[in-house]
Amino acid sequence: MKNTRYSLRALARLIAYPDAQLRSELDALLQVLDDEDAVPAARRAELRTLAVNLQRQDPLEVEARFVETFDRGRATSLHLFEHVHGDSRDRGPAMIDLVQTYEKAGLYLAPEELPDHLGVVLEFASTQPPELAKAFLGEMAHILNAIFSALLKRESPYAAVIAAVLELAGHKAQAVAIPVEESMDEAWAEPEAFDGCSTRGQNRPGQAQPIHIVRKNTSTSQGVAA
């Protein structure tokens, strides 16, 4: 199985805030993806188009578009537990469990980093052997497909990044039905407003949650940290 370590880290950077530092790294990130050759060539071509857009367009417009895409509403949020738990009280324990999973593998987050952000998830996956990384990311494929679909609907070139993650997880990037996005006021309302909508990765009350990120035991986690 191909190594995916550096491809996962490159994809994590590609969904970071596109400030001057990131834009200066884009050529190097694309080279990493080409060198490791884990992401399909056709997808890498789409990622190159994204990079060109980030490099050539007005920096202020690029940054504003990123905020509009990922920070306004839940459908395209990069915080995966937004799609699973919303603002419910279950999100806190899930965050703690995920932090403990990372720490058992030797990955410690900075105070401002949230463990459910896709960029952090990809960084963690990059510390695991390819088979474990693939299985770990595969657990959240339904969430990734929902984000991918929402980005396609917006005609966002960032859809290529999510598609590449899905492919590294062994899943096909495919559009799924998504609801009409609410206004900002509705999007940040209490979780009950969503009525447990499963298209966001939630199930109705009393049903099992579709994502189950679990701790690796000590013997598995040791020796695989970066």
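How accessible is D37: buried, partly exposed or exposed? At 35% relative accessibility, D37 counts as partly exposed. Please keep in mind as you read that this is a predicted model.

## D37, a loop residue with positive phi

Let us start with the backbone. D37 sits in the loop that runs between α2 (20–36) and α3 (41–56). Its phi is near 60°, a positive value in a residue other than glycine. That is worth a second look, because most residues other than glycine have a negative phi.

The side chain of D37 has a partner as well: D37 and R44 meet in a salt bridge, at 3.0 Å from N to O.

## R44 and D34

R44 also pairs with D34 in a salt bridge, and here the closest N and O atoms are 2.8 Å apart. This contact links distant parts of the chain, with R44 in helix α3 and D34 in helix α2, 10 residues apart.

How do these two partners compare with the cut-offs for accessibility? R44 has a relative accessible area of 14%, so it is buried, given that buried means under 20%. D34, with a relative accessible area of 28%, is partly exposed, because that value falls between the 20% and 50% limits.

## D34 and R48

D34 takes part in a salt bridge with R48 too, the closest N and O atoms being 2.8 Å apart. D34 belongs to helix α2 and R48 to helix α3, so this pair ties together parts that are 14 residues apart in sequence. R48 counts as partly exposed, at 37% relative accessibility.

## The network as a whole

Which residues are linked in a network of salt bridges? They are K2, D34, D37, R44 and R48. The loop residue D37 thus appears in a network together with D34 and R44, the pair that joins helix α2 to helix α3. For the wider picture, the structure holds 10 salt bridges.

## E155, another positive phi

Our last stop is elsewhere in the chain. E155 lies in the loop between α9 (141–153) and α10 (159–168). Phi of E155 is near 60°, again a positive value in a residue other than glycine.

Is E155 buried or exposed? With a relative accessible area of 73%, E155 is exposed, because exposed means over 50%. For D37, by contrast, the value is 35%, and that residue is partly exposed.

Terms used
Residues are numbered from 1 along each chain as its sequence is written. This is a predicted model: local features need pLDDT of at least 70, side-chain atom pairs count only at pLDDT 80 or more; totals for chains, interfaces and linings use all residues. Side-chain values use heavy atoms; hydrogens and water are left out. Helices (H or I, at least four residues) and strands (E, at least two) are DSSP runs, numbered from the N terminus. Buried means under 20% relative accessible area, exposed over 50%, partly exposed in between (1.4 Å probe, protein chains only). A salt bridge is a side-chain nitrogen of Lys or Arg within 4 Å of a carboxyl oxygen of Asp or Glu.
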